[in-house]
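Here are my notes on the model, set out as numbered points. Please read them with the structure open.

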Amino acid sequence: MNQPVNLPDVELDDSENTPSNKSNNRPFNEVLAANMKRRDVMKGSLAVGATSFFSAGFISDAEAQDGIGNNIRFRPVTLADAAAGDGKMPLISPDYEYDVLIPWGDPLEPSGPAYVERGNTAAEQARQIGLGHDGMYFFPLKEDVERGRMRRMNQRGILCINHEFGTNFHCLGKDLPESLEDVRFSQHVHGVSVVRIEEIDGTWQTVDSDVSRRIHVNTPVEFSGPAAGSDLLATPNGNVPLGTVNNCGNGTTPWGTYLTCEENFNGYFGANNEEETWVPTAEQERYGFSDTGFGYGWHLFDRRFDLSDPDYRNEDNRFGWMVEIDPHDPTSKPIKRTAMGRFKHEGAAWREAANGQVAFYMGDDQRFDYIYKYLSARPWQDMIAEGVSPLDEGTLFVAKFNEDGTGEWLELSPNNPNITSYDTLEEIMVFARVAADEAGATPMDRPEWTATAPDGTIYCTLTNNSQRTEPNAANPMAPNPDGSIIRFKDNDVTGNSFDWDIYLIAADTHGTEESFSDPDGLAVDNRGRVFIETDGGQKDGLQDQLLVGNPNTGAVRRLFMGVNGDEITGWAHTPNRKVAFINIQHPGNGDPSETNFPASPDGVTIPRDCTIVIRRKNGGPVGS
Ligand code: FEO
Ligand code: CA
Ligand code: CA
């Protein structure tokens, strides 16, 4: 067995802060700066909605008469509330209440292995809730949908939840694994949980069920689409495809499946490279692979993650995909959909075209990386009827934002003459970032989640980018250390032109009750309310938070605030929207001196990621 090497002190989920895009495409911040100057907006205003094409038509007249102009009526968590707390426990609006669901280590089903602090085996962890709670979706049971049982659909279902990451410090209590058992434990806290939940006597809880399952780094998966049979996805030793990792944002499909997004997959690979036998290819550099990765050390005991092991060449190409999971069929394998391209996937909001084709809008979260769109080849219902996945036959595009508020979708296929490094679609999908560089995409400020508004507008969080090169004191985007939210709308979902606009710039909220930074998780409800979740250093004495925005008025209100060291992630809701689910991710970064949540403060209990069940006390929809 190889001896552990000294790994640098890397912050585990920070790799997206290091740009790997060396193309010369004009950075989005330059495009945005020019656009903002032209419009002369944002002077003391939170929203540009009033001056934009988005202000018309995103709500119906009936909803407007219903008072949607004031549709956020709850009393917020205030800066004073935050200042009075110590960050050990969350705060929620006085008009709301919350419960804790499925903390890390709880058994997936009540009959499964119980959580024992630092006392569970890797095999037990594979039957327990993982760490790094992130993207989610609540699926009502098929039988309830088919029989039209509305009440049951809001009382029970299947929660699919991503487990993005857990540091070695948090899950193992040490900085490096010391055995294969340690590596397996770490691998089993990553992935996805499919978990059957139900409201019993007013409390949401897990129940025993055949559909509940853990999907992790060692779960068999399959590939489909243009690159499925590619040599680029085959290893010399022929090992079967296994696992999904760093599952961050998520999406769903119109046909009722779950999409989980593989984000910082590069950081789990390393190289036992004493002989310097591994030298990264240009593509491996573009995707950020290195000798040490993020410090997980899996490669020290698991050859599959050793980039220098010739038997496992190309294993790295098997990660970075959009993965489809059928929540209702526990025997189905997760499927990596190669037609949607390989990059650091973050979110997959969909919108249906008038003719039934379906588009998915996806971010690639790294400084100066891109926003993508995938369009099914034909109407999705026809494809499903033919037995063809709408995610296997279609076209991938990447966004170019023009200075005049318009944009173009650039095709990533052999049809694009600007793509010169690759001749085949399979290569373009595996190395989509490089193809997008050559196509001339616009480098963005770390695209995170996407969300579809009722009028078809796509919102996308751009979490931050402090490396902007054109500082401009009058323009909050120069630099952009605190992030922004952009929105765009295709003129025709099947076409390649769109219009775009800026919804919010985080720096403009600082010093006000609406203060937030680093927008990341994102959702828009059926009334057009925007749910914003943050990841990173908040200003004005705040912890990471969930806010609700009304794009019509520009108002933003704080619904929930987390604990020291955490991040607020994920969004799911019951069909009637009276119950919402969010997550507290990496509370205290695993340090009991920061917080012990969900345990009450005691200074010693290890904090655990968990889902937060949110309800309005008056029974209204969450967000109102
Ligand atoms: Fe995992 Fe881009 O946040
Ligand atoms: Ca994220
Ligand atoms: Ca993030």
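1. Phe-531 has Val-548 of β26 standing opposite to it. The strands concerned, β25 and β26, run antiparallel and are joined by 4 bridges. Please keep in mind for this and every later point that the model is predicted.

2. On its other pairing, β25 is joined to strand β24 (residues 519-524) by 4 bridges, and these two strands also run antiparallel. Val-524 has Val-530 in β25 as its bridge partner. β24 and β25 make up a hairpin, with 5 residues between the two strands. Within that turn, Gly-528 has a positive phi of about 90°.

3. How much of β25 is buried? The strand is mostly covered, with 5 of its 5 residues buried. Val-530, Ile-532 and Thr-534 point one way from the strand, whereas Phe-531 and Glu-533 point the other way. Residues on both of these faces are buried, Glu-533 and Thr-534 included.

4. Which residues coordinate the calcium ion (ligand 3)? The donors are Glu-448 (OE), Asp-520 (OD) and Asp-535 (OD), at 2.3 to 2.5 Å. Their spacing in sequence is E-x71-D-x14-D. Glu-448 lies in strand β20 (residues 447-452), while Asp-535 lies in the loop between β25 (530-534) and β26 (545-550), so this pair ties together parts that are 87 residues apart in sequence. Glu-448 and Asp-535 are both buried.

5. Glu-448 also has a second role at this site, as a bridge between the calcium ion (ligand 3) and the calcium ion (ligand 2). The two ions lie 3.4 Å apart.

6. A separate point concerns an open sheet of 4 strands, in the order β2-β30-β29-β28, with antiparallel pairing. β2 (96-101) and β28 (567-573) stand at the edges with a single partner strand each, so one side of each has no neighbour in the sheet. From one strand to the next, the twist averages 30°. Inside the sheet, β29 and β30 run antiparallel and are joined by 6 bridges. Ile-584 stands opposite Cys-610 in β30.

7. The loop between β29 (579-585) and β30 (610-616) contains Asn-596. Is Asn-596 buried or exposed? Its relative accessibility is 2%, and a residue is called buried under 20%, so Asn-596 counts as buried. A polar atom of the Asn-596 side chain lies 3.0 Å from the backbone nitrogen of Gly-603. A polar atom of the same side chain lies 2.7 Å from the backbone oxygen of Thr-605. Leaving aside neighbours within four places in sequence, the residues in contact with Asn-596 are Pro-601, Asp-602, Gly-603, Val-604, Thr-605 and Pro-607.

8. Asn-317 is a second asparagine to look at, placed in the loop between α9 (282-286) and β11 (322-325). Asn-317 is buried, and its relative accessible area is 5%. A polar atom of the Asn-317 side chain lies 3.0 Å from the backbone oxygen of Leu-232. Not counting residues up to four places away in sequence, Asn-317 touches Leu-232, Leu-233, Arg-342, Val-430 and Phe-431.

9. Why is helix α12 (residues 432-439) described as largely enclosed by the rest of the structure? The description follows because 7 of its 8 residues are buried. The buried residues of α12 include the alanines Ala-432, Ala-435, Ala-436 and Ala-439. Arg-433, Val-434 and Asp-437 are also among them. Just after α12 comes Gly-440, which takes a positive phi of about 100°.

10. Last, some totals for the chain. The secondary structure comes to 12 helices and 30 strands. Of the 624 residues, 63% are buried. Among contacts with a separation of 6 or more, 66% are between residues 24 or more positions apart. The accessible surface comes to about 21500 Å², and carbon and sulfur atoms account for 47% of it.

Technical notes:
Residues numbered from 1 in each chain as written. Chains lettered and ligands numbered in written order. Predicted model: local features only at pLDDT ≥ 70, side-chain atom pairs only at ≥ 80, totals over all residues. Heavy atoms only, no water. Buried < 20%, exposed > 50% of the residue type's maximum accessible area, 1.4 Å probe, protein only. Contact = heavy atoms within 4.5 Å. Areas by Shrake-Rupley, 256 points an atom, 1.4 Å probe, with all protein chains shown as cover. Donors = N, O, S within 2.8 Å, 3.2 Å for Na, K, Ca; no water. Polar contact = N/O pair within 3.5 Å; in protein donor to acceptor, adjacent residues only side chain to side chain. Pairing = 2+ DSSP bridges. Axes fitted to C-alpha atoms, helices over the stretch in contact; angles between N-to-C directions.
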